[in-house]
Amino acid sequence: MTMTLFEELGVEYKEVDGILYPLLSVDEAEYNLTDIGKYGRLWLRYMEENEPSEYRHMARMGQLRKQAEAINEEAYERLDNIEETWLKKHMTCKKKTFMEQLYLRNQARAMAEEIVINEIVFKCR
C-alpha cells in the first residue's frame, strides 16, 4: 500500500463523519501575541510595517512569539542597566527632595527607553 505525502511526513489525521482530515494547524499559543510585553509588541509592529517579508517568514516558521519574547526580555534588561548606571552617576550623596528624585528617575527612564527602542526594538533580527 502506498503512503500519502502526509503519512510519509508523519502528519496525524482526525476523523470527522468518516472522513480523515490532516491536522495541519500550528499551536494556537504561537498566534496569541497579547502577552509578549511592551517592547515585544513594539518590535512586532515595527517588523510588520518595515520588514513585511521577514515578518511573514517568521510567522510561517512559528518564530514570531519566541523572537518577540526575546526582544522584550533583552530590552528590559538593557533598560534596567542603563537606568541604574545613569542614576548612580547623577544621584549624588546630597539630600534631594522627593520632586528632585522623581525628576531624575523620570529623566533616566526616558533616556534609557529611547536608547532601548532605537538599539534593540527597531533593529531587524
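**Close-up views of a predicted model**

**View 1. The hairpin of strand 1 and strand 2.** Strand 1 (residues 13-16) pairs with strand 2 (residues 19-22) in the antiparallel sense over 4 bridges, where pairing requires that DSSP finds at least two bridges between the strands, and where strands (E, at least two residues) and helices (H or I, at least four) are DSSP runs numbered from the N terminus. The two strands form a hairpin with 2 residues between them, and Asp17 in the turn has a positive phi of about 55°. The bridge partner of Val16 is Ile19 in strand 2. This is a predicted model, in which local features need pLDDT of at least 70 and side-chain atom pairs count only at pLDDT 80 or more, whereas totals for chains, interfaces and linings use all residues. Residues are numbered from 1 along each chain as its sequence is written, and side-chain values use heavy atoms, with hydrogens and water left out.

**View 2. The crossing of helix 3 and helix 5.** The axes of helix 3 (residues 38-50) and helix 5 (residues 64-90) come within 7 Å and cross at roughly 125°. The contact (heavy atoms within 4.5 Å) is made by Lys38, Tyr39, Gly40, Trp43 and Leu44 of helix 3 and by Leu64, Gln67, Ala68, Ile71, Asn72, Ala75, Tyr76 and Leu79 of helix 5.

**View 3. The surroundings of Asn72.** Asn72 lies in helix 5 and, at 13% relative accessibility, counts as buried (under 20% relative accessible area, with a 1.4 Å probe and protein chains only). Leaving aside residues up to four places away in sequence, Asn72 touches Ile36, Gly37, Lys38, Tyr39 and Gly40.

Key. Axes are lines fitted to C-alpha atoms, for helices over the stretch in contact, and angles run from 0 to 180 degrees between N-to-C directions. Buried means under 20% relative accessible area, exposed over 50%, partly exposed in between (1.4 Å probe, protein chains only).
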